[in-house]
Amino acid sequence: MDLEFTEAEREFRAEARDWLAANAPGPLPSMDTRDGFEAHREWEHRLAEARYSVVSWPVEYGGRAATRIEWLIFEEEYWAAGAPGRVSQNGIFLLAPVLFTYGTAAQRERFLRRMARADDIWAQAWSEPEAGSDLASLTARAEPAPGGWRLYGRKTWSSRAAYADWGFGLFRSHDQPRHKGLTYFMFSLDEVEIRPIPQLDGEPGFAELYFDGVFVPDDQVLGTPGEGWRIAMATTSSERGLTLRSPGRFMATADRLVRLARELDPDPALADQIARAWLDAEAYRLHTYRAVAEGELGSATSMGKVFWSELDIRLHTLALQLLGERGVVAGPWLDGYLFSLAGPIYAGTNEIQRTIVAERVLGLPR
Amino acid sequence: MDFAFTDDQLALATTVRKVLAEHCPPSSLRASAQQTGARLPGWSQLAEVGFFGLLVPESSEGLGLGLVDAILALEETGRAALPGPVVETAAIAPFLLTPECLARLAAGDLRVSVRLGGQVYAPDADAADLLIIEHRGALHTISSELARLTPQPGVDPVRRLFSVAVEGAGTVPLAAVAPPAVRVATVAVAAQLIGLARHLLETSVAYARGRTQFGAPIGSFQAVKHLLADVAIAVDFAAPLVYAAAVALSPPFKLLPAKETELDRAVSAAKAAAGEAAAQAARVALQVHGAVGYTDELDLRYWLARVWSLDPAYGSAALHRSRLRTAILGSPELRRWP
Ligand SMILES: Cc1cc2nc3c(=O)[nH]c(=O)nc-3n(C[C@H](O)[C@H](O)[C@H](O)COP(=O)(O)OP(=O)(O)OC[C@H]3O[C@@H](n4cnc5c(N)ncnc54)[C@H](O)[C@@H]3O)c2cc1C
């Protein structure tokens, strides 16, 4: 057991820190708007040119073949530098890991490099109006057609799908119940009818997708037709776990919160909770280092999901309490607060995660 | 960065776990409490595997290991709710006693109770040969026969607390200073609390699988599941803080001496988080067991009591939280370690 960073890890950190200090832009407009989305895409291009968009990927696809620890270090530096949210997150964090595992060589060639450069930005199309937590009840369907499939039905709550280039999602391809007979498709969003839906902050960050016989060729099926559930489940563990919401993000928020508290000198009761939240971000970091060292990233990620999402709400709630009336006028803390409130809902609600912990980690009966 | 235990560290924990499963079963806790059996079950077998010499320097016939090497073994003593002054003998005394005493300590022939500054009572002093007492800012040892011990019966019938009156005669001044020993003791108790919490969680899960109401195991009810899931999460996120503090307190002391405040912060974080997780595990264990958990007849009561008894030991979670507040908000420069 060694809790010191190696020479190589320190160099990696220093290099990332220097590059980010020189290159990270100031705040960009919300990525849930068309202009903000494109501004974030521009930033992703710059990240990619410096090989910082997907550090853990193989070099041939635009990455640096970074170790998991180096990836965590990069994330710490990224968020500490105040760099923008990752508009490419659904592709690089959710689709790419399963594309590496289940995709064909041709699919990896076709999609990964463009994804790394944000030439293509991907949207996740899983949820449906009647299938949220109970994803396996989904009814959007795929019908065989010469050379491929035609998609029918409706998907919803798809983040930024109104501006994205490609989508990935599950469709019922075989007449079988629940998690059987589902197929994982990758499709261009060009031919999909899209209705943006404003979120709580007023920005059109959600979209509803209407499929009316959109054609998808066979080579855009990920894995075997009918096996989509297994692939989707592999995605969800990266969604909940360290890829989508690594500790660096919360460490940076916690540091900002402590700086704010120093300025505003809160009473001891509030100060106590702020110190606790700062340490919880540390706990998440140490927990993650341990998970990486133990190579244990399976259903334990459900524990992490509950922990980080509830921590994020606490961090932002405390900031708003410190700020008083100034906290409820537009600004980064208010934006962050509203977004933190979604954490226990997306990536599998926290109620579902607690049930998963109870059943799969603790072995309680269904 | 490699935050994984070594094979040796894991093997030591496994050994201690096996020894205690065999020689310190739950029935022996009751026997120790009711004085119908050994006061210190498992101790002689632990001594045989070298447990009491883990932190004793090699020059005094110990193994000369660091706290991090012993931390999982200490966690196992919590999991078994091992009676006796375990932390005081195995984790404090090695830092304070003279080399002659240490050789006896390493061999398992010397049991030590401690009452340092901030403590009111000496735990398990009835089972100790030697007491280390802080008196007017200085440390002294005294043979327990020469000290006047008054029992203070309370929540834990196994971890007994004693007031100590020292008349002056027989005390021997100690040169060593307490702070490093107190840090180690605090983290060692935090490890025991993690072990206690793990046992409470496992026991509660087993009970929830077996107990049937409304025609179904109570563990199939979501309200029960979520209580237990929250305990699992609390324990899982507290343990790394304890292990990190143990690393910080082990040679080669990369954190010292420039960063004393970070060291204290790591220690307080470990004790606060472990104490809170264990308290939550105890609350939930009691709730999941229902009335039978509220009896003296179920062995569960020994683990509940130990959690309650260890909370104030070497600073309660609340005390450490307030230290953390000062450390985090009060220091002009907030650095992370590692
Ligand atoms: C900001 C944000 C971004 C999102 N982005 C995307 C995206 O890009 N793509 C996408 O496909 N989806 C996305 N989603 C949707 C998200 O995946 C769903 O909201 C989520 O799966 C929950 O489904 P639901 O909203 O239909 O809620 P429901 O499933 O209807 O749940 C409502 C409430 O009931 C509880 N509940 C439901 N079932 C159970 C049960 N069995 N036990 C206990 N409690 C239960 C839930 O925990 C929740 O509290 C996003 C959501 C948000 C908030």
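**Exercise 1.** Find the bridge partner of B:Thr141 in E7(B), then place E7(B) among its neighbouring strands.

*Solution.* Step 1: B:Thr141 has B:Val172 in E7(B) as its bridge partner. Strands here are DSSP runs of type E with at least two residues, and helices are runs of H or I with at least four, both numbered from the N terminus.

Step 2: E7(B) covers residues 172–173 and runs antiparallel to E4(B), with two bridges joining them. Two strands pair if DSSP finds at least two bridges between them.

Step 3: E4(B), residues 138–143, also pairs with E3(B), residues 130–135, in the antiparallel sense over six bridges. In this pairing B:Leu130 stands opposite B:Ser143.

Step 4: E3(B) and E4(B) form a hairpin with two residues between them. B:Arg136 lies in the turn and has a positive phi of about 50°.

**A note on the model.** This is a predicted model, in which local features need pLDDT of at least 70 and side-chain atom pairs count only at pLDDT 80 or more, while totals for chains, interfaces and linings use all residues. Residues are numbered from 1 along each chain as its sequence is written, chains are lettered from A and ligands numbered from 1 in the order in which they are written, and side-chain values use heavy atoms, with hydrogens and water left out.

**Exercise 2.** State how many residues of chain A and of chain B are in contact, and how much area the two chains bury.

*Solution.* Step 1: 46 residues of chain A are in contact (heavy atoms within 4.5 Å) with 47 residues of chain B.

Step 2: The two chains bury about 4,500 Å² between them, with 67% of this on carbon and sulfur atoms. Buried area is the accessible area (1.4 Å probe) that two parts lose on being put together, summed over both.

Step 3: On the chain A side, A:Met1, A:Leu3 and A:Arg262 lose the most area to chain B, together 18% of what that side buries.

**Exercise 3.** Count the salt bridges across the interface of chain A and chain B, and give one example.

*Solution.* Step 1: The rule (a side-chain nitrogen of Lys or Arg within 4 Å of a carboxyl oxygen of Asp or Glu) finds five salt bridges.

Step 2: One salt bridge joins the side chains of B:Arg336 and A:Glu282, at 2.4 Å from N to O.

Step 3: Helices of chain A that each supply at least two residues of the side touching chain B include H7 (247–264) and H8 (268–294). H8(A) gives the largest share, 18 residues.
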